[in-house]
Amino acid sequence: MPKLVLNNALVTFASTDLSSSISSVTLSTAYDIIDVTSFGDLAKRRIAGLADNSVSFEFLQDYASGSVEATIYPLLGTAVACEVRPVNTSVSATNPK
């Protein structure tokens, strides 16, 4: 799998572009492991269960109006739309969101 260094990514929270205030983005996926071993099997058998997806951001704090603090703090504890693109250009097959 190719690796990509994000040096011009787009990150928005509630339609506010905070890209210039973020130093890293980490996307993770983990799966529950379900044991499906039954009588007669000679070894354990497992399958992937439900996925658990997460995203983490490392912010550079900024208290200016319309920046990190003013955007993020009122959203704590709520569900909010977030968008991450590898490159700060239009969405495409090579620049998904």
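**Strands, a buried threonine and a pocket**

Modeller: Phe13 stands opposite Cys82 in strand 5. Mind you, this is a predicted model, where local features need pLDDT of at least 70 and side-chain atom pairs count only at pLDDT 80 or more, while totals for chains, interfaces and linings use all residues. Residues are numbered from 1 along each chain as its sequence is written, and side-chain values use heavy atoms, with hydrogens and water left out.

Biologist: What makes strand 1 and strand 5 a pair?

Modeller: Pairing takes at least two bridges found by DSSP between two strands. Strand 1 and strand 5 (residues 82-85) have 4 bridges and run antiparallel, so they pair. Strands here are DSSP runs of E, at least two residues, and helices are runs of H or I, at least four residues, both numbered from the N terminus.

Biologist: How do you know that strand 1 pairs with strand 2?

Modeller: 2 bridges join strand 1 to strand 2 (residues 16-17), so the cut-off of at least two is met. Phe13 stands opposite Thr16, and Thr12 stands opposite Asp17. The two strands form a hairpin with 2 residues between them, and Ala14 in the turn has a positive phi of about 50°. The open sheet has 3 strands in the order 2-1-5, with strand 2 and strand 5 at the edges, each pairing on one side only.

Biologist: Why is Thr71 called buried?

Modeller: Buried means under 20% relative accessible area (1.4 Å probe, protein chains only), against over 50% for exposed and in between for partly exposed. Thr71 has 11%, so Thr71 is buried. Thr71 lies in helix 1 (residues 68-72) and touches Phe13, Thr16, Leu18 and Gly66, leaving out residues up to four places away in sequence; a contact needs heavy atoms within 4.5 Å.

Biologist: Which residues of strand 1 (residues 10-13) cover its two faces?

Modeller: Leu10 and Thr12 sit on one side, Val11 and Phe13 on the other, and all are buried. In a regular strand, side chains alternate between the two faces of the sheet.

Biologist: How many nonpolar, polar and charged residues are in the lining of the second largest pocket?

Modeller: 5 nonpolar, 6 polar and no charged residues. Nonpolar covers Ala, Val, Leu, Ile, Met, Phe, Trp, Tyr, Cys and Pro, charged covers Asp, Glu, Lys and Arg, and polar is the others, Gly among them. Val11 is one of the lining residues, as are Ser19 and Ile22. Strand 3 (residues 22-35) gives the largest share, 4 residues.

Notes. 1 Å grid on protein atoms, 1.4 Å probe; cavity = no way out; pocket = protein on both sides within 12 Å on 5 of 7 lines; lining within 4 Å.
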